[in-house]
Amino acid sequence: MPIEMTVNGEARRSAADPMTPLIDVLRDEFHLTGAKPVCREGFCGACTVLVDGEPLVACLTPAALVEGREIRTVEGLSAGGRLNPLQTRLVEHDAVQCGMCFPGMVVTLTHFLAQTPRPSRDQVRAALTGNACRCTGYERIVAAALDVAGV
Amino acid sequence: MSVDAVMEFRRRDAGDKLTGRTRYTIDRGAPGMLHAAVLRAQVASGRLAKLDTSKAAALPGVRAIATAADAPGRVGIGIADHSLFVVDRVRYVGEPLAAVAADTPEQAQAALEAIKVEIAPLPAILIMQDALAPGAPLIHPEWEDYKILLEGGARAGNVAWEATAVRGDVDAAFARPDVRIVESTFRVGRQNHMAFEPRAAVARYEEGRFHIETSTQVPWTVRNATAGFLGVPASQVRVTVPPVGGAFGLKFDVAIEPFAALLAKLSGRAVRLVNSREEEMLTCLFRENAEIRIRSAVTPAGEIAGREAVVLMDCGAYGGEQIFLTTMTAHTLGGNYRVGASRLVSRAVYTNTAPNGAFRACNGVYNTFALERHTDEIAAALGMDPLEFRRRNVLGDGDLGATGQKFEAEVLRPMLERMEALRAAAPPRRQDDERLYGRATTVGTWFVFTGPSAATVNMNADGSATLVTSGVEIGSGSMMQGLPQIVAATLGIQPEDVMVRQADTDAAGYDVGVGGGRQTVSLGAASLQAAQEVRGKLLAVAAQMLDALPDDLVMQNGRIEIAGPNGAGFSIAEVAAQAQALVGPVAGTGASTRKGVPSMPGCAVGHFIDALDIPVFAVHDCEVAVDPETGHVEVLAYRVVQDVGRALNRSAIGGQIQGGVVQGLGYALHEEVSIDADGRIRQNGFETYRVPLAADVVPVEVELYEGAPSLGPFGIKGAGEVPILNVGASVACAVANATGARVQELPLTPPRVLALLLGRQPELDFPHISPRWDDNLLRPHDQPT
Amino acid sequence: MTASPSFYAASSLSAALDALAERGPQGAPLAGGTWIMRAPIRHEPLKPAYVGLDGVPELGRIEETDGILSIGAGVTHARLAEAVAGRPELRVLAEAAGRSANPAIRRAATVGGNLCTTDFAAADLVPALLCLDAEVEIASRGGTERLPLAAFLSLRHSLEPGRLLTRVFVPRSGAVSAHARLPLRKAGDYPTAIVSLSVTRDTAGRIAQARVAVGSVETVARRWTRLEAALVGTPLCGEQAHRAATELADEFAGRDGVEAPGWYRVSVLPVLVRRAVIALH
């Protein structure tokens, strides 16, 4: 039985087995390769996507659990290729290096800043507990997020 | 005419990377592509008795199976000791036995399970102490038959390579009546790069040639090694490299590419092979574990009269990068300080464990840890302030290194002064709690791995330029910032107007690869030369067009004009178009390679590099708080003064320093690799291998030290590799200072620190390192074969 | 090749219990999926059939009646942390739920999953609920039963198929509580050791009743009754509690793990006891 969901505003139907990780449905079936399968154990956060507006790790979310739900991936956060305020600040802060963690970072932080418009530095760091980065040493990412918030 | 390539140019790939549009190798595929998987040995040592693929080959969807018979060649560094598949002897858990390509990943996995394997177990040697024991079983019984690729290293049995550096009369120095002898021992574990993108490749076999798209730092090594394994001419292999999702040295060697290539040829289809995270953990080319014994003879005034050291580096089951890295001991453990006489031996030792490899600043990281902790132990023995000891002894103008290289200019001393000013500017961080506080300032010596690079610059008639190199975009600033800045500055155009082509061995000439801090230096030198040729050609055409002499022209802001106010001129696009019409499209080529700075004859034996073309220095300072009840170390502040020669892009360098220091904090505090009794790496992913997270780090205070001499273009040095160099050292020295404990090991995880504080940790004892330095050598230093 | 697992999305508790009964040993419940989906890393096979609990409304409720807080097994860590925030008596629960793993996992992982995963020694909710004297409700097609959490922990590995942990009951008691966990990284990890503490005080401010639970040190969390007894009648003093814990800590046999040796987990217990006591002030 196909699994139906909305992905970045579009109704989609997946033929995947119900226990297939959502990350594989998005990448292999829908060719949305923004989210990255890096650890496949919910610790690195590179596959983070919004499910009904909440950031979840797509590697540990079975496809069956997103039946009827609305999914937004990093590709869906920048309509028409226009960067959102967080992405713009990350460019300005020269924060990006290899870039593999950023699809997840951007999803997590975009959601976090919407929920917590004026965060402290420690709150931003705590929000990133599930988003590892091996290149940057985090500080510019944190600084860009604080910059978006104007704090 | 001088041009200024210093800019704050932002990465052009940031937007795509932030919106998920960048397509790394793992994001690529081809219609009709097959999925590959590798069958790996589950024992550390054994004889392969049977490998029967017939049942697997008959399974649905299985298109090709490759085994040792398909890959006859051996490759390696220094010695060709490594075959692609197990031939008859398994040497580590995870060693490849066969590779399969099938229509789906599930079918490929099913085929692996259907391959019948019988391995007769042999005793496994998992630690260097056992490998060096008298009468130890040989991991490579056929070691004498291997082809030697570089002469000079001593080898025998389980010692894959031995390099020595001897300068001066060390025995006499140690026998001086006025010296006291300080001896220290150290041990470090392995470090996993945890690059987010696993090693991955998509291969095709087209028109009688292999085309491999791969996540690598070294397209030419992949080209040549793949050909070597498969026994085909290197010209039959083409390697292209999409953006790489993290590398840090992990991808500085051939990896899984030959499997994909072989299966593509056998199946006639495109083949995709991506390591699982578990495979990445199991077969990571780690920064090697090492054991170090170092002794110094020092006078009461703090002069280092003599020094000797033995460094054991675990290369795992095959020599690989460690063979080369035996070289770097002389330049790192033998660096930093002026030493009267010294003798150093660095031994790469085989064990039945996963092969180790290269990792950002490689063995420099732990040799610096050992040297700086040893230095603090010397200072303590002399009752001298460790900073004062360093001020007196750091390498200065005209001082000799361990191989007799003469260092130029005063660099480390003024850098230390800068650090002291930084330290003085902020009070030590303390909180009102029961923790133990400490700090340390350390120095480090590293280098730029120069060597061959090539570049072509094509000038387009629209005023833009295309830079063609074998450089790879791995996230450092070189391809996106440094190189376009160099070309743009030379041509008087904007860096936005310089396209940088992704690496393609069919399009650009040989390159050593992206690593060793070399890309902006070596590719930069080649790119500069290529751009200068273009510049000369354009100026010549413009001179004709303007009826002027080329020397009277200026080339800037997209125009070539006669110098002076209101000088007539043309846009560069107009000149380029005119040149194209007159003589054809304008292009320039450039090349660079090692300069070959001299060492002292006879000092270095078995070395790949006798002297450093471009030394790079670093001074770090770290403040820590140690919880004596739980062993947790918190880094409170971190400062770096880094010798960059000249900073082309301060923001890009700052990003490398923050990122490199944090990787070093992981090495110093969190990242542990352990091997179980069966020889299997115990850490299997991000849960058990702990990289630093956002709340574990501090903003690094950075000061770039400019003006030290450098052979690099514009006087630059590599800036991305060295930031990790003395982090382990700084943290270890700071923890030792905070606790008074004798820190001998990294990483300083909470259990290890608590064990140290509770006296549960016995002092290191290396029965396999002889107290007599000469007894550690396979053959005397002055009797090379 | 084995067939991929089937999945049945239950929309009511009775449908879920029916489905689990019908599938018997072939089936298992799946709520947030954060443990089950990691089966490949543990080299464990998936079950042939899963019964999804995500759409069962009864399991998602948090209610309070007659002084008893009732938490549905399908409540996520994130929702639980939010629901009990700001109540000193339940602070242990708020911290256990609000600090475990990482934010994305907390949004998916459920109370039921945390209590039912027998191989997960570092679960935060288990010691927290133990020190709150929680009970659990086990439902099956045949009916429901209620038993203390400690009793459930000792039989959970042999729970017959078709039985489902549906609710957790936390009696309100007027105590104050705290959760002291020790991850290896400051930023967060699975804790190497956990001390959950809940105490009531007499009019003189002395400890009248103490419940201490220790997690992650051994394979299953348990109450530390000898320490509880030692604390009764003492003032709320971190140092004194630390001393008492130091004397008694040798009753624990720490488990050796990839991340920490057993001795370490036991060594840090007194510190965690002190931190928990100080956090009560």
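These are my notebook entries on the contacts of chain B in a predicted model, within the chain and with chains A and C.

**Entry 1: domains of chain B**

I began with the domain assignment of chain B, which gives domain 1 as 25-122 + 199-274, domain 2 as 290-449 + 598-757 and domain 3 as 451-592. I then looked up how domain 1 of chain B meets domain 3 of chain B, and noted that their C-alpha centres lie 39 Å apart. In this contact 20 residues of domain 1 of chain B face 17 residues of domain 3 of chain B. The two domains bury about 1400 Å² between them, and 54% of that area is on carbon and sulfur atoms. On the domain 1 side, I found that B:Gln217, B:Trp220 and B:Val241 supply 39% of the area buried against domain 3 of chain B, more than any other three residues.

For the polar part of this contact I recorded 3 salt bridges between domain 1 and domain 3 of chain B. I looked up the salt bridge in which the side chains of B:Arg238 and B:Asp506 meet, at 3.6 Å from N to O. I also noted 8 residue pairs in polar contact between these two domains, with both residues at pLDDT 80 or more. As for the elements involved, α6 (219-230) and β16 (237-240) of chain B are those that give two or more residues to the domain 1 side, and α6(B) has the largest share there, with 5 residues. By residue type, I wrote down 11 nonpolar, 6 polar and 3 charged residues for this side of domain 1.

**Entry 2: chain B against chain A**

Next I turned to chain A, where the contact takes 52 residues from chain B and 43 residues from chain A. The area buried between these chains is about 3700 Å², of which 59% comes from carbon and sulfur atoms. Within chain B, the residues that lose the most area to chain A are B:Leu18, B:Phe196 and B:Ala694, which together make up 22% of what that side buries.

I recorded 4 salt bridges between chain B and chain A, and looked up the one formed by the side chains of B:Asp27 and A:Lys36, at 2.6 Å from N to O. The count of residue pairs in polar contact between chain B and chain A, both at pLDDT 80 or more, is 24. Both α1 (14-19) and α17 (650-670) of chain B supply at least two residues of the side that touches chain A, and I noted that α17(B) gives the most, with 9 residues. That side of chain B divides into 22 nonpolar, 19 polar and 11 charged residues.

**Entry 3: chain B against chain C**

Last I looked up chain C, and found 26 residues of chain B in contact with 26 residues of chain C. About 2200 Å² is buried between chain B and chain C, with carbon and sulfur atoms giving 58% of it. In chain B, B:Glu629, B:Arg690 and B:Pro751 lose the most area to chain C, together 26% of what that side buries.

I noted 5 salt bridges between chain B and chain C. B:Arg690 also appears here, for its side chain meets that of C:Asp189 in a salt bridge at 4.0 Å from N to O. Across this interface I recorded 11 residue pairs in polar contact, both residues being at pLDDT 80 or more. The helices α3 (105-114) and α19 (750-757) of chain B each supply at least two residues of the side that touches chain C, and the largest share, 4 residues, comes from α19(B). I closed the entry with the residue types of this side of chain B, which are 9 nonpolar, 7 polar and 10 charged.

Definitions and conventions:
Residues numbered from 1 in each chain as written. Chains lettered and ligands numbered in written order. Predicted model: local features only at pLDDT ≥ 70, side-chain atom pairs only at ≥ 80, totals over all residues. Heavy atoms only, no water. Domains from an automatic or database assignment. Contact = heavy atoms within 4.5 Å. Buried area = accessible area lost by both parts, 1.4 Å probe. Polar contact = N/O pair within 3.5 Å; in protein donor to acceptor, adjacent residues only side chain to side chain. Nonpolar A, V, L, I, M, F, W, Y, C, P; charged D, E, K, R; others polar.
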